[in-house]
Amino acid sequence: MRGATKLTDSVAGSDYTAVYHSAALTRLTGSRALLTFSGYDSLLGSMAIYYAALDSDGNIQHPITQLADNVWGIQPAATQLPNGRTVVAWVSEAPPNPGEQDWAVQYFNNETLTGEPVATETVSRIYSHWGYASPAPGVNPDHFSVRWQGTIEVIGGDYIFTMGSDDGSRLWIDGELVMDYWDSYCQYWNRTVALTPGAHSVRMEMREISGAAWTYLGWQQDAEDPVVTFAVLNANLHQVAGPTAVGRTAASDGSNYVSLTHDANNHAIFTWMDDDYFARRNLYYALVDSNGAVLTRPMILQASQTGASRIETSFYGYGNTTYSWTPPAGVDSALAATPSLAPALPGGSALPITVELKGRGGTPATSVRLTAALDPRLSYVSDTSGVTPTVSGQTVTWNLPNLRLFDIRQFQINLQTTASILGELLPVQLQLTSAEPDLTPADNQATVQVWISQPLYLPWVRQ
Ligand SMILES: [Ca+2]
Ligand SMILES: [Ca+2]
């Protein structure tokens with residue numbers, strides 16, 4: 001057994017990393033565990049998503065790696081698919097940046113980008129912390145300037161650009177100067193820019209006067225609703241797709257927690273909840289493949305489809321779920337009746353019987369019929385189904401609408417009795433049928449015993 005071990009003090013060039021919320025552990029093949037968490041990146045000045053892998057001895061098998069920056073996301077969850085790829089998902093306050101891309105970089109040994117560059121390179125992010133050192137071979141540690149040029153692809157809308165540098169910097173989008181802080185130093189600046197869908201050219205320049213130097217450029221859509229976001233790691237835990245938004249949560253009060261599981265076909269299954277623990281009426285669902293393609297955009301399973309006023313889940317609906325379910329192909333209806341013992345006054349009314357009909361199969365049940373066979377000493381009075389039953393002798397028959405998957409219908413049946421012997425039990429046999437054969441006939445029947453009984457009120461004694 002290994003004692004508690006500190007993973008790290010800081011990551012990604014940050015001065016420190018503060019982990020917010022709880023970290024999640026996911027079991028991986030090869031006796032490994034994936035640790036996912038969100039942390040505060042002091043260089044970015046914002047939250048970022050991180051992951052790392054441990055081996056079975058608790059040693060770091062894959063170092064802590066930043067998966068997405070500037071996300072304001074919390075508590076990422078993960079699931080490893082049968083093909084070895086792993087999907088990590090989290091909730092952001094805005095759609096993610098379009099991911100890494102090529103930026104052509106030019107370094108100049110002056111503060112004014114004058115003359116020929118002394119060094120060039122291509123980087124995938126504008127995100128560097130050079131400290132007091134030179135940013136590239138042949139470049140001064142002070143009194144230098146840098147130009148980045150690239151093209152970003154956006155889905156369109158208002159985008160918040162965050163530019164930061166030590167010392168000054170300025171930003172052009174499609175040739176227009178949108179931020180100019182050339183004479184400033186060591187800060188972050190924001191500007192919201194409306195962008196049409198498609199490609200836009202971006203140019204950023206910075207200058208270093210002296211001391212430490214760093215730089216950053218990020219952008220994200222200006223959105224108010226939380227966004228479920230994911231990325232895909234390959235078997236070696238290198239990022240191969242994303243970050244990608246599966247779309248907005250369908251309700252503005254979507255929770256900040258997402259759960260993940262998978263099926264046998266290498267699909268990651270996303271579910272998340274409404275935020276209000278006491279009034280959760282919606283469960284959201286989306287399906288993603290191992291290449292990062294969104295197969296099913298977010299859809300809602302409503303509480304009305306489960307018959308309860310809210311959906312019960314684990315804490316905040318968060319976690320790495322381990323279970324997925326495919327409805328059986330065919331018709332499977334089910335019947336329940338409560339109470340199983342329904343008290344009745346001698347020669348009077350019985351406590352109403354509540355029947356509940358459920359659709360559990362992938363195929364709708366048609367010609368749905370409920371029959372109640374009453375004891376000879378019972379008679380039908382009324383019900384709340386909205387359907388007028390046929391009464392033939394002691395048999396009451398309701399012809400009901402089709403029962404689809406997740407349908408739940410409840411109604412009450414009021415009965416009267418002629419029996420008067422206390423303690424007598426009068427059976428009511430309930431049977432649910434449809435035009436199709438039922439996959440599990442055993443749960444299509446129920447019995448209620450009407451119990452002839454006398455209400456007895458005990459005196460209240462006060463000491
Ligand atoms: Ca400086
Ligand atoms: Ca059944």
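Strands here are DSSP runs of E at least two residues long, numbered from the N terminus. The structure is a predicted model.

**Exercise 1. Locate Leu113, state what its phi shows, and decide how exposed it is.**

Step 1. With strands numbered in this way, Leu113 falls in the loop between β7 (103-108) and β8 (119-123).

Step 2. Its phi is near 55°, which is a positive value in a residue other than glycine.

Step 3. A residue is buried if 20 or more other C-beta atoms lie within 10 Å of its own, and exposed if 12 or fewer do. Leu113 has 16 C-beta neighbours inside 10 Å, so Leu113 counts as partly exposed.

**Exercise 2. Do the same for Asn266.**

Step 1. Asn266 sits in the loop between β19 (254-262) and β20 (267-274).

Step 2. Asn266 is not a glycine, yet its phi is positive, at about 65°.

Step 3. Asn266 counts as partly exposed because it has 16 C-beta neighbours inside 10 Å.

**Exercise 3. Describe the protein as a whole.**

Step 1. Count the secondary structure: there are 0 helices and 33 strands.

Step 2. Take burial next: of the 463 residues in the protein, 35% are buried.

Step 3. Turn to contacts between residues at least 6 apart in sequence: 65% of them join residues at least 24 apart.

**Exercise 4. Which strands pair with β15, and which residues stand opposite each other?**

Step 1. Strand β10 (residues 144-154) pairs with β15 (residues 198-208) in the antiparallel sense, over 11 bridges. Within this pairing, Met206 of β15 stands opposite Val146.

Step 2. Strand β12 (residues 169-173) also runs antiparallel to β15, joined by 5 bridges. Here Glu205 in β15 is the bridge partner of Arg170.

**Exercise 5. Find the cis peptide bonds at Asp167 and Pro243, and place both residues.**

Step 1. The bond that joins Asp166 and Asp167 is cis, with omega about 20°. Asp167 lies in the loop between β11 (157-166) and β12.

Step 2. From Gly242 to Pro243 the peptide bond is cis as well, and omega is near 0°. Pro243 belongs to strand β18 (residues 239-248).

**Exercise 6. In what order do β24, β26, β28 and β31 lie in their sheet?**

Step 1. The 4 strands form an open sheet with antiparallel pairing, in the order β24-β26-β31-β28.

Step 2. Its edge strands are β24 (333-338) and β28 (378-383), each of which pairs on one side only.

Step 3. On average, neighbouring strands of this sheet are turned by 30° against each other, direction ignored.

Step 4. Between β24 and β26 (residues 353-359) there are 6 bridges. Ala337 stands opposite Val355 in β26.

**Exercise 7. Describe the largest nonpolar core and name another core.**

Step 1. The largest nonpolar core has 40 residues, and those touching the most other members are Val87, Val88, Ala89, Val228, Val258, Leu260 and Phe270.

Step 2. Strand β3 (residues 46-55) gives the most to this core, with 8 residues.

Step 3. Another core, of 27 residues, lies apart from the largest one and includes Val355, Val368, Leu415 and Leu432.

Step 4. For background, nonpolar side chains tend to be buried together in soluble globular proteins.

Step 5. Look at one member of the largest core: leaving out residues up to four places away in sequence, Val88 touches Thr36, Tyr51, Leu67, Pro76, Ala78, Phe230, Ala231 and Leu233.

**Exercise 8. Separate the two faces of β30 and list its pairings with β27 and β29.**

Step 1. Strand β30 (residues 395-400) has Val396, Trp398 and Leu400 on its covered face, whereas Thr395, Thr397 and Asn399 are on the uncovered one.

Step 2. β27 (residues 368-374) runs antiparallel to β30, with 6 bridges between them. Leu400 in β30 is the bridge partner of Val368.

Step 3. β29 (residues 390-392) pairs with β30 over 3 bridges, in the antiparallel sense. Thr390 stands opposite Thr397 in this pairing.

Step 4. β29 and β30 form a hairpin with 2 residues between them, and Gly393 in the turn has a positive phi of about 65°.

**Exercise 9. Describe the surroundings of Trp451.**

Step 1. Trp451 is in strand β33 (residues 445-452).

Step 2. Since it has 19 C-beta neighbours inside 10 Å, Trp451 counts as partly exposed.

Step 3. Not counting residues up to four places away in sequence, Trp451 touches Leu341, Ala342, Pro343, Ala344 and Leu425.

Step 4. Leu426 is 25 residues from Trp451 in sequence, and their C-alpha atoms are 6.4 Å apart.

Definitions and conventions
Residues are numbered from 1 along each chain as its sequence is written. Chains are lettered from A and ligands numbered from 1 in the order in which they are written. This is a predicted model: local features need pLDDT of at least 70, side-chain atom pairs count only at pLDDT 80 or more; totals for chains, interfaces and linings use all residues. Two strands pair if DSSP finds at least two bridges between them. Two residues are in contact if their C-beta atoms, placed from the backbone, lie within 7 Å. Axes are lines fitted to C-alpha atoms, for helices over the stretch in contact, and angles run from 0 to 180 degrees between N-to-C directions. A nonpolar core is a set of buried Ala, Val, Leu, Ile, Met, Phe, Trp, Tyr and Cys residues joined through C-beta atoms within 7 Å.
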